[in-house]
Amino acid sequence: MKRKLAYGALGALTALALSLGGCSDDDTGATCGDGVIEGSESCDGSNLGTETCETQGFAGGTLACDSACGLDTSGCFDANCGNNIAEGNEDCDRDDLGDADCTDLGFSGGTLACNADCTYDDSGCNDLCGNGTLDDAVEACDGDDFGAETCQTMGAFDGGTLTCSTDCQTIDTSACCTDECATDGETSCNGDLLETCELQANGCLGLTSYDCTGDGQVCDDSGAVAVCADACQSDCTEVGATRCANNDVETCTDNAGCLTWQVTETCTAGSEVCLTPGGQATCVTSGGGDSCVDAEVVSGSVSYSGSDFTSDYTDSNDWGANSGCGTANGADAVFQVWLDVGQTLHYAENGGLDAVLRVLDTCDATSTCLESNDYNEDQVFVPTTAGYYWVVIESYYASPGSTDYDISIEVLDDETDCGDGADNDMDGLTDCEDPNCFGDPTFCSTELDCSDGLDNDADGDTDCDDTDCAALPACITVDGLWQSFSASDPVDLADCTVAFTPSGASYQYTTTCGIGGLPIAAGTGTVDSTVLSLADSDSVEVALQGAWTIPFFGGSYGSIWVGSNGFVTFGAGDDYSDSSPSSLFAFPRIAGHDADLDPPSGGTITVDEFADYVVITFADVVRWSTTDTVSFQVVIHSSGDIEIHYGTFTYVSGGTVGLSNGGQLGTYPAETDFRPGQPGQGELVITEIMFNPSIGEPDGEWVEIYNAASFAIDLAGCTFQDNIPANAHTFGALVIPPGGYAVLTNNADPSANGGLTGTYAVGNAMQLSNGAGDIVTIICGGQTVAEVDFRGWSLGSNGTAIQLASVLLDETANDQQSSWCDATDTYGTASDNGTPGLANSNCGYVLLLSESFDTWIPSDWSVVDGADAGTTWGQCDGSGRTLNGATGTFACVDSDAAGSGASFDEELISPVMDLSSYSACGLTFLHYFNNYSTDQADVDASTDGGSTWTNLASYVADTANSEQVSLDISSLAGQSTVQIRFHYTSGWDFYWLIDDVSVICQ
């Protein structure tokens, strides 16, 4: 561009002034004319420095140096603005623009003009940069106009935005970008961040992230697209495991760490069924159900129905010849099913067809019927081992009256609903009783049954080890004192007081009789007195009014609950009318006379409170549905002492009395005899007889008796006699504790008895014959309870007593001379032989077997569970079945408890005994056989390991409860492998109880 500078008048005047004031030299020492500008010189000769006419303010011309070294501007000329000539320092002069236009000034175009002062007037020019249009000649860009340029053409960019510099000379690529991902809409996981490829505002593909954990989920990229999903919940637990589902074989497969079931095989519809034999699912070929080789395979639940069974199933097999199978004569349908242990098979025929239903272990002529049912055509079968089983539905008749049939077969796996009150798998266990439900968080998260031996809430602690059970009665050790009465053991406490005194954590008692009626008059309470109005089987709480509480078995109570049925409970009331031990021990209780009483029918119940004791009086309260009455009084002291005073009783054939802590853990304490009673047969044994003493007779004669009962006995009112009944003696009070001895003498004077102090003198009733022997008898209530007839025995020389072997102390064994021997120990001042009041010798007998069944199964014993599995010999404790005289627990087999449909063929077998070195042996046991119809109890012996059995005794009718049995098994002496078997066979009948089995040899 051409730009001209103006040379003004001021510059010309300055130059003139300088020239007029110039001189040849100055006082600075400068030499003018030497061509060197120095000192105050402006120039020197031709040396003008940088000065020109223009610098001196002129429009042009020739600048010179005068002789005084000053500038000479005479050759310069001044500009004349307005003369239409651009000169000097003028940009322009009127029309003379000096060849300039708008573009020379940086504009895009327009009309350039000249101002009056000879400067450019650019108001008519157009600005090029910023108009948004690219002028390729002078611009690189303008606004958004970049010509053909983009981010992609400007470098390795995938998109973005170009920007233009303000002077339109530079293109800016800082807003260009590259893609972070490949495909718009594609998703992926970055940990638990769900990332989506999306077109961003900058024009490139970028990742947009979403945190799945904010919704409690995880990022899952196992499928076609990544998504936020719930955390993996595996459907199965073991890769490769299989199962059947909708007749498909499904296999457990690992999908990105989550195990899921996937179909790997589809069984052919109509000809194959999916089963899981041995735990592995497989397709099994199924037939039409007409025979063993054509059995229809069943899986899950199926049903078959039709109007003509004999046409639909034409094959007929003679199953009656197979073991355990009932008789039928018609066509049969055969189904094959796989059952695992724990599964239940439910099969039924609900049509009009009269059918026999069977379950077989195999399907051929040698198969065994595990079940064969004619009358009940709706059955449940629970296998004991896993395997194939065959269900056979057979028409009872070859030509049935009704051929209409409706067969259903279902395999039930587990309890499906733990809170519906139904036995879903029909295994006899409902909801939380069923191990399938143990630990169910909704219904079975607490230990509900604290005495079943099972961990119901699946927390690792069973029954009373579980804190859920700690405070329940079932987990408190049973404690108490009690006695129950019956027609054979009537109430004997009338006119007696039973006083209970705290002893440690329990109580001890004393009984005093002849009290002369109830000692405290009803209605005389000094603090409070209330006559209770109780309904039948009712209970009411009575709060103590005084400032004292009742201590009872470690508890402390400020109130009592009085029950109309003859008892007081603590902590809660009880309106139950059952007087069994299980009822007594259900609550902390004082049972004055727990029976089914009915106060509305007669009698009064009064509560009297005194300063530190309370009295509960039952006066002539009527027993329900009778005219019998009871009268007693319970006195409870603040010290914990308790008395029960008994008045008159007309109801004497039942009821329970005593104390209970309400605990249910363990077996009940042994029954107490608060007033010792007379013995029954077998409960008193004559064990030693001195009929020929060395001193004078009958002085010195004596008879030893032994209490074989589990309770104290009182011989008051019983009689003793020898072979002369006229000399019989009636006993006064003579109490013998359980397992205790008493020595009966003729004379009470020890000096007359050869130094023997007897227990009780019977006088002249003791006159025993020496020669031919004698007979000794004890009679109670008109019944002979003990007797020994030793007439004709070759035992007992002068000064020697005869004694029953210490291992044969029962009323049956003492009838045999072989059970007795001569005494060898000495006693008294005369040194006669005998052990009066002490245990006898064993008389050469050896006890080879002694089993009380206090552990189960006893060591070396075995149980054979025959007929229907799961119901066989077990251990009982007296809470359900009672064996009188049993000590502790006993063996029991109970077909009644098993219910309808169960069959029994049960064996309880002793260990092997070596009798090879003995010549005589005996077997004794205590038992109670309760017969109903078809049940039978056999005692057998084997000498060949159980291959064959020889019957020793058989029972088909009720025995006494309990019966003491002694069997001579000397025929087995000399054998080295002897076993005893207790064999019980029945349908739905009653039971057999056994205790204290012994084998004794000599």
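**View 1. Met-154 is partly exposed in this predicted model.** The label fits because its relative accessibility is 32%, and partly exposed covers the range between buried (under 20% relative accessible area) and exposed (over 50%), worked out with a 1.4 Å probe on protein chains only. You'll find Met-154 in helix H2, residues 151-154. Helices here are DSSP runs of H or I with at least four residues, strands are E runs of at least two, and the numbering starts from the N terminus. Leaving aside residues up to four places away in sequence, Met-154 touches Glu-149, Leu-162, Ile-171 and Thr-173; a contact here means heavy atoms within 4.5 Å. Now look for Ser-559: its C-alpha atom is 101 Å from that of Met-154, and the two residues are 405 apart along the chain.

A quick note on the ground rules: residue numbers run from 1 along each chain as its sequence is written, and side-chain values use heavy atoms, with hydrogens and water left out. Since this is a predicted model, local features need pLDDT of at least 70 and side-chain atom pairs count only at pLDDT 80 or more, while totals for chains, interfaces and linings use all residues.

**View 2. Three strands make an open sheet in the order S18-S19-S20.** The pairing is antiparallel, and two strands count as paired if DSSP finds at least two bridges between them. Why do strands S18 and S20 each have one side without a neighbour in the sheet? Strand S18 (242-245) and strand S20 (258-266) stand at the edges with a single partner strand each, so one side of each stays free of a sheet neighbour. From one strand to the next, the twist averages 40°; the axes behind such angles are lines fitted to C-alpha atoms (for helices, over the stretch in contact), and angles run from 0 to 180 degrees between N-to-C directions. Zoom in on S18 and strand S19 (residues 248-255), and you can trace four bridges in the antiparallel sense. One bridge to look for pairs Thr-242 with Thr-251 in S19.

**View 3. Cys-92 and Cys-114 are joined by a disulfide.** A disulfide is a covalent bond between the sulfur atoms of two cysteines. The rule used here asks for a pair of cysteine sulfur atoms within 2.5 Å, and by this rule the count comes to 24 disulfides. For Cys-92 and Cys-114, S to S is 1.9 Å, and the link is right-handed, with 95° about the S-S bond. Cys-92 sits in the loop between strand S4 (76-77) and strand S5 (109-110), and Cys-114 in strand S6 (residues 113-114), so this pair links distant parts of the chain, 22 residues apart. Both Cys-92 and Cys-114 are buried.

**View 4. A disulfide links Cys-292 to Cys-363.** S to S is 2.0 Å, and with -75° about the S-S bond this link is left-handed. Cys-292 lies in the loop between strand S22 (282-285) and strand S23 (296-298), Cys-363 in the loop between strand S27 (355-360) and strand S28 (369-373), so the pair ties together parts 71 residues apart in sequence. Buried or partly exposed: which label goes to Cys-292? Cys-292 is partly exposed because its relative accessible area is 23%, whereas Cys-363, at 14%, is buried.

**View 5. Cys-464 pairs with Cys-475 in a disulfide.** Here S to S is 2.0 Å, and the link is left-handed, with -90° about the S-S bond. Both cysteines lie in the loop between strand S31 (405-412) and strand S32 (480-484), so the pair ties together parts 11 residues apart in sequence. Cys-464 is partly exposed at 25% relative accessible area, while Cys-475 is buried at 12%.
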